[in-house]
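Here are my notes after going through the model, point by point. Have the structure open while you read.

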Amino acid sequence: MKITDLKCAVIGGSPVVRVITDEGLDGYGQAETPKAYLKPHVLFYKDYIVGADPTNVESIMLRIRRAGSFKPWGSAVSAIEIALWDLAGKAAGVPVYKLLGGKVRDQVRVYNGGVRFAMKGTSPQDYADDVAKMKASPEGFTIVKEGVGFHSAMLRNTPSFSYGDVVGGSFHPNRGPLTERGLKHVIACVEAMKSVLGDEIGLALDCGPGWTVPDAIRLAKAVEPLNVMWLEDLITGDYVPYTLADVYREVTLKTTTPIHTGEQVYLRQNFKELIEKHAVNILGPDPEDVGGIAELKWIAEYADLHGILIAPHGIFDGLIGMAAHVMVAATMPANYIAFECPIGNPSWWYDIVDGVANPFIKNGMIQVWDRPGLGVTLNPGKAEKYLREEDKGFFD
Ligand SMILES: [Mg+2]
């Protein structure tokens, strides 16, 4: 079997990758929803993969893996990798988890990423109300995540929150020292959320990036009695093209609160320092940014050898991405906690994708299915009408 074409269509804002072969089989991958600009980047790799046997996934990855980078520039390589596994699974007639070593669990835990409600503000009561809605959500989540500190509108909404200037723009650009008032506000919000969730539902906190080391340590120590699941991306994180492992280590060693990072990081090599220095307690690579699902599996295994846990990022990964998460999560060692689950957004995604029920999460878990490949695929007849004019030939 040989690859004859690589196509990319932006569907509902989400770049979807299709790898086509001379034997009538095709494979799908997906990149994060807000990354419509990736289409030409995906197509850049076409000349490197056409003519290759897609079932030799690693040999194709050796051609393209080095030509990528930290978030968002690892996304195209990652989506292609996932499409190759989909193809390899379909060709072998087995679910992708079989090709990644086989499953060690029949259901995988997820944490709430995609089920979001509009928040009135960023007061402790607003946070308490928001997690109450998540708690009541029919998915039965056992872990939910909220954004606080620099990863929230607190900075704008709370007078004198930090000593730094507040800059606008995307990708969480702010950093600097917090005022005592700012720090106390974050802690009050965490306490308010815990008073709703109790010890029934775990609370994870996405915090930055942008915290100074002293503030990060103060926050981590202050919330120690609350047993939060983790503090994410305090130092570096979203769209930061480096990891600062030594700085993380300084925070991690001073607290019993688990420290988490990794969603923007591309390739196993860039986790080496974080893992070998025990710089954090939990890693959160995103399969759609890190270089794909085999890459994620390798990182999970190596982290496990170092007593480090894994909770992959995935809020914007879409339903095809969700399937990729399920396939790899089924194969991870016991250091696996849960992946951040995307949902079909807009809800017409459930109409155009075959293999996903709505809702597909029960008691905070997803049952691992046994269909070949990713087991979740686009339905051309139903998806056609959502294609942009320039993508009309996507299913040809
Ligand atoms: Mg995050």
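1. Start with the strand pair at the N-terminal end of the numbering. Strand 1 and strand 2 (residues 14–21) run antiparallel and are joined over 8 bridges. If you want a spot to orient yourself, Ala9 sits opposite Val16 of strand 2. Keep in mind that this is a predicted model.

2. That pair belongs to an open sheet of 3 strands, ordered 1-2-3, with antiparallel pairing. Strand 1 (3–11) and strand 3 (26–30) are the edges: each has a single partner strand, so one side of each has no neighbour in the sheet. From one strand to the next the twist averages 20°.

3. Which helices lie across strand 2 and strand 3? Helix 4 (residues 75–92) does, at about 145° to strand 3. Helix 14 (residues 318–329) also lies across strand 2 and strand 3, and its angle to strand 3 is about 100°.

4. Now zoom out to the domains. The assignment splits the protein chain into domain 1, made of 3–93 plus 379–391, and domain 2, which covers 98–374. Taken over C-alpha atoms, their centres are 26 Å apart.

5. How many residues of domain 1 are in contact with domain 2? The count is 36, and they meet 29 residues of domain 2. On the domain 1 side, the elements giving two or more residues are strand 2, strand 3, helix 4 and helix 16 (380–383). Helix 4 has the largest share there, with 13 residues. By residue type, the domain 1 side divides into 15 nonpolar, 14 polar and 7 charged.

6. The largest nonpolar core is worth a look too. It has 118 residues, and Ile80, Ile310 and Met327 have the most contacts inside it. Helix 4 turns up again here, giving the largest share of this core, 10 residues. Domain 1 and domain 2 each supply at least three residues to this core. As background, nonpolar side chains tend to be buried together in soluble globular proteins.

7. Last, pick out Met327 on your screen. What is Met327 in contact with, leaving aside its neighbours within four places in sequence? The partners are Pro95, Val96, Tyr97, Leu100, Ile293 and Leu374. Met327 is also one of the residues with the most contacts inside the largest nonpolar core, so to speak a good place to finish the tour.

How values were computed
Residues are numbered from 1 along each chain as its sequence is written. This is a predicted model: local features need pLDDT of at least 70, side-chain atom pairs count only at pLDDT 80 or more; totals for chains, interfaces and linings use all residues. Two strands pair if DSSP finds at least two bridges between them. Helices (H or I, at least four residues) and strands (E, at least two) are DSSP runs, numbered from the N terminus. Axes are lines fitted to C-alpha atoms, for helices over the stretch in contact, and angles run from 0 to 180 degrees between N-to-C directions. Two residues are in contact if their C-beta atoms, placed from the backbone, lie within 7 Å. Domain bounds come from an automatic or database domain assignment. Ala, Val, Leu, Ile, Met, Phe, Trp, Tyr, Cys and Pro count as nonpolar, Asp, Glu, Lys and Arg as charged, and the others, Gly among them, as polar. A nonpolar core is a set of buried Ala, Val, Leu, Ile, Met, Phe, Trp, Tyr and Cys residues joined through C-beta atoms within 7 Å. A residue is buried if 20 or more other C-beta atoms lie within 10 Å of its own, exposed if 12 or fewer, and partly exposed in between; C-beta atoms are placed from the backbone.
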